[in-house]
Each structure stands twice: as structure tokens, then as C-alpha cells.
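Let's take a walk through this fold together, starting in the middle and working outwards. Have the viewer open and follow along.

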Amino acid sequence: MKTLLRSRGQRAVVLLSGGLDSATTLATARAAGFACHCLSIDYGQRHRAELKAAAVLALALDASEHRILRLPLADFGGSALTDNAIDIPVAGIEPGIPVTYVPARNTIMLSLALAWAEVLASSDIFVGVNAVDYSGYPDCRPEFIEAFERMANVATKAAVEGGCLRIHAPLINLGKAQIIRRGAELGVDFGLTVSCYQADNLGRACGVCDSCRLRREGFVAADVADPTRYIG
């Protein structure tokens, strides 16, 4: 994790999904003094309640701006999160890359955040990826973040003209319990977040998908009250 210096209102683009990790990331960026411009992506995900949660979180955590960009990755399919013909796994977390992996999702989202950062004359992008409790996703690893940052500093007008673009992943080496503790310290209301892969329209969680399991285990390990609303 990079050390965050006080930014005195410097602009940052924050990828905000509406889940626990991205909410803690936004709170981290705000605590460092950044003026946060939040970007959420409507990519055709099943758990669309998270987009409503993102809008609420942006207000609650005093974001400077929040935009939802529609990019229908569901047109490609290839993931249980975007293709209703593929079942969400509920038998427990297993080794390997799960069917909930969305092809190139984080690469695409970071690219969109990078484009907006250039328009905003921002040098900082925040993303809530995590390599400890990451469910096997290849685009949540430190190697990916480092590689994307190198690319950003080659492929953009801002970098060529002397700027230095930074990709901040402040949660990347933290376990779920550590993330929850950090968010609690920063005043995140986790009751506003939606993490479930198949949450209903009210944002209530299924309790059995991989994301729900990691979230619930994290609250237990952190010894923090779990405000998650469950179906049934």
C-alpha cells in the first residue's frame, strides 16, 4: 500500500461499487483529504442493488461527485454475475478462479476511471481491490495494479506531459476483518453497503454466495456488529 499524504483537496477518482470494500476505500481517500469523484459502472450485473447503494454511500461519505456509467458487459456474458444461465455458486469458496469472475472487469473499470481522471486533471485513482480475501480473481492482485499504473504512465497525455498517475489500492494487503475495522474507524455505515452477488431489489443478501460468506466471516473476525440484511 502506498502512503497517502494529505492532499488538501486534490481531486481523485474513486471506483465505487456500493460494496463494503469500495466504501472503505472512499472513506480512506476522504480521510487523506482528497476531493472524491466517484465512478460506478452499471455493467449488467445481477446485484443491481449495489448501484443504489453506491449513490447513497457517495452522499453519506461526502463525495464531490458521483456518476454511474452504463457499459453492458452482460452483452458478452462469460460470468455468473452477468449471465443468468450461469448459476451463482453457493456451496462454499473453492480454489481457482470462480464463475463470478467477470472477464477484464477491473481493467475496463480502471481504464474508464483513468479517462475521467485525465479530464479532471487528477493524478490519483482509488480502487478497492483486495488480494487476501479476493475469491481467486486475477485482477485483484498487486501485480495487476502495478502493471496498470505503469501502463497509465505510458499511455496518457497527462503522463507524457510530465504528470505522474497513481493507482491507490489501500486495501490490497488487508484481510476482510482488517478492512471492516478500518472502515468502522473511518465512520463507514456498513448497513448502507451491498456485497451479495444475488441481492434482491431491496439490497437484502442471500447469505450463501462467496461474497456473503467472506463478508459475514469478516464481521465475526473483526468483532464488529454485522448490519447486513438477509433475505428471509
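Is strand S1 largely enclosed by the rest of the structure or left open, and why? Four of the five residues of S1 are buried, so the strand is largely enclosed by what surrounds it. Buried here means under 20% relative accessible area, with exposed meaning over 50% and partly exposed anything in between, using a 1.4 Å probe and protein chains only. Strands (E, at least two residues) and helices (H or I, at least four residues) are DSSP runs, numbered from the N terminus.

Before going further, a word on what you're looking at. This is a predicted model, where local features need pLDDT of at least 70 and side-chain atom pairs count only at pLDDT 80 or more, while totals for chains, interfaces and linings use all residues. Residues are numbered from 1 along each chain as its sequence is written, and side-chain values use heavy atoms, with hydrogens and water left out.

Now to the sheet that S1 belongs to. Five strands make an open sheet in the order S3-S2-S1-S4-S5, and the pairing is parallel. Two strands count as paired if DSSP finds at least two bridges between them. At the edges sit S3 (65-70) and S5 (166-168), each of which pairs on one side only. On average, neighbouring strands of this sheet are turned by 25° against each other, direction ignored; the axes behind that angle are lines fitted to C-alpha atoms, and angles run from 0 to 180 degrees between N-to-C directions.

Zoom in on the pairings of S1. S1 (residues 11-15) runs parallel to S2 (residues 35-42) over five bridges, and it pairs with S4 (residues 124-126), again in the parallel sense, over three bridges. Val14 is a handy residue to click on: its bridge partner in S2 is Cys38, and in S4 Val14 stands opposite Phe126.

How do you get from S1 to S2? S1, H1 and S2 make a right-handed β-α-β unit, right-handed meaning that, with the strands pointing away from the viewer, the path from the first strand over the helix to the second runs clockwise. On that path, the loop between S1 and H1 holds Ser17. Ser17 is partly exposed, with a relative accessible area of 31%. A polar atom of the Ser17 side chain lies 3.1 Å from the backbone nitrogen of Gly19, which fits the polar contact rule: a pair of N or O atoms within 3.5 Å, where within protein one must be able to donate a hydrogen and the other to accept it, and residues adjacent in sequence count only if both atoms are side-chain atoms. Not counting residues up to four places away in sequence, Ser17 touches Ser22, Glu50, Leu51 and Ala54, where contact means heavy atoms within 4.5 Å.

That brings us to Ser22, which sits in H1 (residues 20-31). Ser22 counts as buried at 5% relative accessibility. The backbone oxygen of Gly19 is 3.4 Å from a polar atom of the Ser22 side chain. Beyond its sequence neighbours within four places, Ser22 contacts Leu15, Leu16 and Ser17.

Next, the greasy part. In soluble globular proteins, nonpolar side chains tend to be buried together. In this model the largest nonpolar core has 40 residues, and Val13, Leu110, Ile125, Val127 and Ile145 touch the most other members. Such a core is a set of buried Ala, Val, Leu, Ile, Met, Phe, Trp, Tyr and Cys residues joined through side-chain atoms within 4.5 Å. S1, S2, H2 (49-60), H3 (105-120) and H4 (142-155) each supply at least two of its residues, and the largest share, seven residues, comes from H3. A second, separate core of 27 residues includes Leu20, Leu57, Ala63 and Ile179.

Leu110 is worth selecting too. You'll find it in H3, buried at a relative accessible area of 0%. Leaving aside neighbours within four places in sequence, Leu110 touches Leu15, Ile125, Val127, Phe144, Ile145, Phe148 and Ile167.

Last stop: the loop between H6 (176-185) and H7 (210-222), where Asp200 is found. Asp200 counts as buried, at 17% relative accessibility. The side chains of Asp200 and Arg204 are joined by a polar contact of 2.6 Å, and, not counting residues up to four places away in sequence, Asp200 touches Ala49 and Ile231.
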